Amino acid sequence: MNSGYVFQSAEEAKARFAGETEGYLYSRYGNPTVSMFEDRMALNEGSEACFATASGMAAMFSALMCFLKTGDEVVASWSLFGSCYHVFDQILPRYGIKTHLIEGTNIEEWKKYINKNTKCVFIETPSNPTMEIVDIEAVSKIAHQYEAKVIVDNIFASPVLQKPISLGADIVIYSGTKHIDGQGRSMGGAIMSSKKFYEESLKPFVRHTGPSISPFNAWILLKGIETLDIRMEKHCSNALQISNYLISNKNVEKTIYPFLTNHPNYELAKKQMLKGGSVVTFTVKNNNAFNFMNNLKLFDISNNIGDTKSLVTHPATTTHRVIGEEGRKKLNITDNMIRLSIGLEDINDLIEDLDSAFKHLE
Ligand SMILES: Cc1ncc(COP(=O)(O)O)c(C=O)c1O
């Protein structure tokens with residue numbers, strides 16, 4: 001933990017600030033603990049560079065704003081986390097950046113909207129909370145014909161399940177708050193990119209705008225990385241079993257999980273993801289969402305995902321409240337939709353808890 005650094009002489013400080021010698025300057029620019037987190041994230045991802053941020057939204061916003069300017073156009077799939085949707089729908093237009101929010105699962109839409117004015121394409125896959133899968137490889141090919149940068153929000157998959165850079169993406173963003181910490185302790189984020197993008201666009205922007213992570217939080221996330229792989233294994237096996245349980249439950253209208261064969265993008269999910277992830281979304285019959293949630297005992301009502309503990313969320317009134325009724329209609333987020341983040345508990349305990357809450361609806 002530190003903010004500043006001590007130099008042995010005025011000449012040393014001068015040389016370091018001029019970039020003539022290596023070393024730390026100030027913790028908004030860099031810090032040894034943060035560097036260790038960044039190096040390990042980059043190794044995990046297979047990216048040349050990483051910049052760690054204070055939150056996932058700081059990563060998302062910095063990755064965009066470090067190179068976009070007035071007059072640029074962005075194309076994004078409209079199935080997005082509420083705050084990301086708000087950035088595209090409300091904030092970027094204020095700076096004269098035009099955003100096209102499109103149906104990301106339809107490749108023809110990408111072909112229609114990406115053109116020579118497009119500077120950036122943004123994909124969230126799987127999407128929060130509707131678990132839509134966008135073809136990273138196909139969209140990257142279209143975007144690169146026009147030299148547009150492809151940014152992937154890989155938060156739901158984590159670096160363990162999906163490697164967007166190997167599929168053609170230029171930049172990958174994470175919320176460390178989710179699977180990377182995985183234990184509800186710390187906010188954090190990361191931007192993964194090429195060295196060129198980092199040096200030319202990202203570094204000058206983040207150094208002077210200050211989205212940096214605290215060294216203490218970076219240390220927590222470092223501990224998280226050590227168990228990420230085995231936690232993801234258990235998250236995914238529990239989530240798949242819960243999906244199979246929900247699909248045959250008479251109180252459930254629709255179950256959405258990328259590795260269920262009834263998922264509309266099942267083949268694509270299998271192609272670009274190693275496993276289906278920790279999140280299962282479903283719709284409950286008779287608009288009984290609150291009743292169901294209030295009767296769960298093991299699942300906590302919380303809007304995070306990727307935690308060791310199982311969590312339940314009502315997206316329409318929490319994570320996606322900000323996008324309004326119209327926005328939710330477009331994204332197919334209905335009032336009877338429930339998002340489950342499946343933790344690492346014993347699968348029988350989880351199913352028993354769900355079963356018991358469903359019984360209250362009968
Ligand atoms: C898909 C997605 N992107 C971005 C974020 C933002 O991350 P953070 O909450 O760490 O800012 C979230 C958080 O819920 C998310 O689910």
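This report looks at a predicted model, starting with its two domains and ending with the ligand.

## Two domains

The chain splits into domain 1, covering 10-223, and domain 2, covering 228-359. Measure from centre to centre over the C-alpha atoms and you get 26 Å between the two.

## Where the domains meet

So how many residues of each domain are in contact with the other? Domain 1 puts in 31 residues, and these are in contact with 36 residues of domain 2.

On the domain 1 side, the elements giving two or more residues are helix H4 (82-91) and helix H7 (158-161). H4 has the largest share of that side, with four residues. As for the chemistry, the side of domain 1 that touches domain 2 has 14 nonpolar residues and 14 polar ones, plus three charged residues.

## Around the ligand

There are 16 residues around the ligand, and the ones that come nearest are Ser55, Gly56, Phe81, Ser175 and Thr177. Which elements give two or more residues to this shell? They are helix H3 (56-65) and H4. H3 gives the most, with three residues.

Sorted by class, the shell around the ligand has seven nonpolar and seven polar residues, and two charged ones round it out.

## H4 in both places

H4 is worth a second look in the viewer. This helix gives the largest share of the side of domain 1 that touches domain 2, and H4 is also listed among the elements that give two or more residues to the shell around the ligand.

Terms used:
Residues numbered from 1 in each chain as written. Predicted model: local features only at pLDDT ≥ 70, side-chain atom pairs only at ≥ 80, totals over all residues. Domains from an automatic or database assignment. Contact = placed C-beta atoms within 7 Å. Nonpolar A, V, L, I, M, F, W, Y, C, P; charged D, E, K, R; others polar. Near = placed C-beta within 6 Å.
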